[in-house]
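Subject: Structure handover

Hi,

Here's the structure I promised to pass on. Have a look at it first, and my notes on what turned up are underneath.

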Amino acid sequence: MSAVESRLAELGLTLPEVVPPLAAYQPAVQSGVYVYTAGQLPMVEGKLPVTGKVGAEVTAEEAKDLARTCALNALAAVKSVTGDLDRIARVVKVVGFVASASDFTGQPGVVNGASELLAEVLGDKGVHARSAVGVAVLPLDAPVEVEIQVELTQA
């Protein structure tokens, strides 16, 4: 078991299976020393646990937990192309999309769920640049979607 996966286990988390694509794309691709993930929904065992807009049907706290799940799914996507999460030199960028009610402005707090998970699991390597964007709707009526970019150590 890799050090990163050992850390996940210490946190009571298990790396999930890679979420299959919903359309014509790959969950993650590697280009040189970088891995870019597709937007990851908060799928758990093939299903969205909650749907709707944050600030309406979904609370900000629920959405923050969902963003955490998105980040875990993104790590699974990274592993699917690298074979080993210990190859992560650092998380470079996180982009979080929050399906928001028209008056909801707490997108940064929601996306903190993803950022905090990456820091808990990867330590300083998990600290990154980030965007948190409010949107009208996401695929499958998901409340949150997260994509990450990581830099790898040389193989």
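Before the first item, a word on terms: the axes I mention are lines fitted to C-alpha atoms, for helices over the stretch in contact, and the angles run from 0 to 180 degrees between N-to-C directions. Also keep in mind that this is a predicted model.

**Two helices crossing**

With that in hand, look at helix H1 (residues 3–10) and helix H3 (residues 107–122): their axes cross at roughly 115° and come within 8 Å of each other. On the H1 side, the contact is made by Val4, Arg7 and Leu8, while H3 brings in Glu120, Val121 and Leu122. Sorted by class, this contact of H1 with H3 has four nonpolar residues, two charged ones and no polar ones.

Leu122, which sits in helix H3, deserves a click. Leu122 counts as buried because its relative accessible area is 10%, and the cut-off for buried is under 20%. Setting aside neighbours within four places in sequence, Leu122 is in contact with Val4, Leu75, Ile88 and Val91. Measuring aside, the computed C-alpha to C-alpha distance between Leu122 and Leu8 is 9.3 Å, although 114 residues separate them in sequence.

**The two sides of H1**

Which residues of H1 are buried? They are Val4, Glu5 and Leu8. These buried residues are on the same side of H1, because they cover an arc of only 95° around the axis. As background, an α-helix has 3.6 residues a turn, so residues three or four places apart point the same way. Helix H2 (60–82) and H3 are included in what covers the buried residues of H1. Ala3 and Glu10, on the other side of H1, are exposed. After H1 comes Gly12, with a positive phi near 80°.

**The largest pocket**

If you're thinking of putting a grid on something, here are the numbers for the largest pocket. The space in it is about 220 Å³. It is lined by 14 residues, and the closest to its centre are Pro16, Met43, Val44, Glu45 and Gly46. The lining divides into eight nonpolar, four polar and two charged residues.

Glu45 comes up again for its backbone: its phi is positive, near 50°, and it is a residue other than glycine. For context, most residues other than glycine have a negative phi. You'll find Glu45 in the loop between strand E2 (34–37) and H2. Is Glu45 buried or exposed? Glu45 counts as exposed, because its relative accessibility is 80%.

Two of the residues named for the pocket, Pro16 and Met43, also turn up around Asn73. Asn73 is in helix H2 and counts as buried, at 2% relative accessibility. Neighbours within four places in sequence aside, Asn73 is in contact with Pro16, Val19, Gln40, Leu41, Pro42 and Met43.

**One more backbone oddment**

Asp141 is a residue other than glycine with a positive phi, in this case near 65°. Asp141 lies in the loop between strand E4 (129–135) and strand E5 (144–152). With a relative accessible area of 31%, Asp141 is partly exposed.

That's everything from my side. Shout if something doesn't load.

Cheers

Technical notes
Residues are numbered from 1 along each chain as its sequence is written. This is a predicted model: local features need pLDDT of at least 70, side-chain atom pairs count only at pLDDT 80 or more; totals for chains, interfaces and linings use all residues. Side-chain values use heavy atoms; hydrogens and water are left out. Helices (H or I, at least four residues) and strands (E, at least two) are DSSP runs, numbered from the N terminus. Contact means heavy atoms within 4.5 Å. Ala, Val, Leu, Ile, Met, Phe, Trp, Tyr, Cys and Pro count as nonpolar, Asp, Glu, Lys and Arg as charged, and the others, Gly among them, as polar. On a 1 Å grid over the protein atoms alone, a cavity is a set of points where a 1.4 Å probe fits but cannot get out, and a pocket is an open set with protein on both sides within 12 Å along at least five of seven lines; lining residues have an atom within 4 Å of a point. Grid points are joined across faces, edges and corners, and a volume is the space filled by probe spheres set on the points. Buried means under 20% relative accessible area, exposed over 50%, partly exposed in between (1.4 Å probe, protein chains only). The arc is that of the directions from the helix axis to the C-beta atoms.
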